[in-house]
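Reader: Please take a close look at the enclosed space in this model. I want to know what lines it, and how the parts around it are packed.

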Amino acid sequence: MDLMTGVEIENQTSVQKFILLGFPGTWYFRISLAVVFSIMYFLTIIGNMSVITLVWTHPWLHTPMYFFLCNLSFLEIWYTTACAPKAICVIFGKSQTISFTGCILQLYFILSLGSTECLILAVMAYDRYLAICHPLRYSSLMNSTFSAQLALISWLGGFLAISVLASLISRLSFCGPNIINHFFCDIDSWIVLSCTDTSLIELATFIISINVLLGSCAITLVSYIYIISTICRIPSAQGRQKAFSTCSAHLTVVTIWYSSSIFLYVKPSAQNSLDLNKIVNIFNTIVTPLLNPFIYTLRNKEVKRVLEKAISGM
């Protein structure tokens with residue numbers, strides 16, 4: 001009896017390495033996809049680093065709005081770095097295996113940075129609310145100390161929320177198939193391989209998603225209801241356009257981010273189509289971090305002006 005129990009325990013903990021499936025297809029398809037991912041990753045790093053450099057080298061951009069934008073750009077660099085390099089190797093077929101510890105760490109950083117992005121986007125919406133709805137009191141309400149505190153709370157909140165989930169996942173046992181149907185350690189694609197009950201983890205994921213995703217989304221939505229209401233009361237068309245131009249870039253980013261994130265994580269069960277999740281995750285982890293710096297540059301007159309001066313001075 002004891003011998004059988006020992007064998008059973010050994011079998012349940014025997015899987016310590018996993019194989020990331022990536023994107024099955026012809027060699028030409030995978031090489032083309034890997035090249036596209038590599039170019040997008042390179043442009044993401046360059047684009048977000050450029051935003052940070054532009055803001056910190058031009059004193060008139062040292063405002064709370066651009067301070068939060070730098071936090072977002074810094075986050076996007078690490079968010080895509082936690083996923084893209086490994087994904088490129090997986091697609092090339094060079095490094096498809098990943099250890100249990102490696103999977104936990106990758107999952108933790110991707111979800112933590114994603115949660116932090118939700119909170120930072122909500123803070124940026126609140127910042128625009130104060131700037132447009134309370135312009136005379138804005139500088140006293142959103143001072144450098146308060147903006148730094150909001151940024152710190154966003155980072156700590158994002159990482160602490162996922163710590164609970166990562167702790168639960170680390171206790172799972174894997175004793176069967178070890179092929180993850182994804183290009184990184186996505187939570188849905190990974191936990192379906194567990195031979196232990198995952199209902200608690202699915203419930204914890206749902207609760208955290210409700211609090212972080214929908215909570216920050218609600219703050220953003222309420223902020224923009226007040227912003228749009230205030231903009232509509234501005235008498236001149238030029239005044240309305242100027243006010244809206246300060247938040248149009250952020251509104252675009254918010255729409256893209258929340259629509260894909262809510263689809264991926266706000267659901268009571270992990271039994272959605274894993275192939276569909278894979279496609280949406282490309283948009284979330286590869287495409288969105290690339291688009292953000294270009295959206296803020298092209299739709300923000302101040303950043304565009306600074307960028308044009310920097311380019312003409314080269």
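Author: Contact here means heavy atoms within 4.5 Å. The model is predicted.

Start with the chain as a whole. Its secondary structure comes to 13 helices and 3 strands. There are 314 residues, and 49% of them are buried. Take the contacts between residues at least 6 apart in sequence: 80% of these join residues at least 24 apart. The exposed surface is about 15400 Å², with 70% of it supplied by carbon and sulfur atoms.

Now the enclosed space. Rolling a probe the size of a water molecule over the atoms shows where empty space is left. How many cavities of 30 Å³ or more does the structure hold? There are 3.

The largest cavity holds about 180 Å³ of space. Its lining counts 17 residues. Nearest its centre lie Leu111, Ser115, Ser209, Leu213 and Tyr265. Four helices each give two or more residues to this lining: α5 (100-133), α7 (144-169), α9 (199-232) and α11 (248-265). The chemistry is 11 nonpolar and 6 polar residues. No charged residue takes part in the lining of the largest cavity.

The second largest cavity has a volume of about 100 Å³. It is lined by 12 residues. Met65, Met124, Thr246, His250 and Tyr296 are the closest to its centre. Helices α3, α5 and α11 each supply at least two residues of the lining. By class, this lining has 7 nonpolar, 3 polar and 2 charged residues. So charge is where the two cavities part: the largest has no charged lining residues, whereas the second largest has 2.

Helix α3 deserves a closer look. It spans residues 64-81 and includes Ser73. Is Ser73 buried or exposed? Ser73 counts as buried because its relative accessibility is 2%, and the cut-off for buried is under 20%. Beyond its neighbours within four places in sequence, Ser73 is in contact with Asn48, Val51 and Ile52.

Next comes helix α4, residues 84-92. Its buried residues are Ala84, Lys86, Ala87, Ile88, Val90 and Ile91. A lysine is on that list. Gly93 sits just after α4 and takes a positive phi of about 80°.

Open space matters to your request too. The second largest pocket has a volume of about 200 Å³. Its lining has 13 residues. Leu119, Ala122, Val123, Ser154 and Ile219 lie nearest the centre. Helices α5, α7 and α9 each give two or more residues to it. These three helices also serve the largest cavity. In the pocket, the largest share comes from α9, with 5 residues. The lining divides into 8 nonpolar and 5 polar residues, with no charged ones.

Last, Phe244. This residue is found in helix α10, residues 237-245. How is its exposure classed? Its relative accessible area is 34%, so Phe244 counts as partly exposed. Not counting residues up to four places away in sequence, Phe244 touches Ile231 and Leu251. Arg128 is 116 residues from Phe244 in sequence. In space, their C-alpha atoms are 9.8 Å apart.

To pull the threads together: helix α5 gives at least two residues to the lining of the second largest cavity. The same helix gives two or more to the largest cavity, and two or more to the second largest pocket.

How values were computed
Residues numbered from 1 in each chain as written. Predicted model: local features only at pLDDT ≥ 70, side-chain atom pairs only at ≥ 80, totals over all residues. Heavy atoms only, no water. Buried < 20%, exposed > 50% of the residue type's maximum accessible area, 1.4 Å probe, protein only. 1 Å grid on protein atoms, 1.4 Å probe; cavity = no way out; pocket = protein on both sides within 12 Å on 5 of 7 lines; lining within 4 Å. Points joined across faces, edges and corners; volume = space filled by probe spheres on them. Nonpolar A, V, L, I, M, F, W, Y, C, P; charged D, E, K, R; others polar. Areas by Shrake-Rupley, 256 points an atom, 1.4 Å probe, with all protein chains shown as cover.
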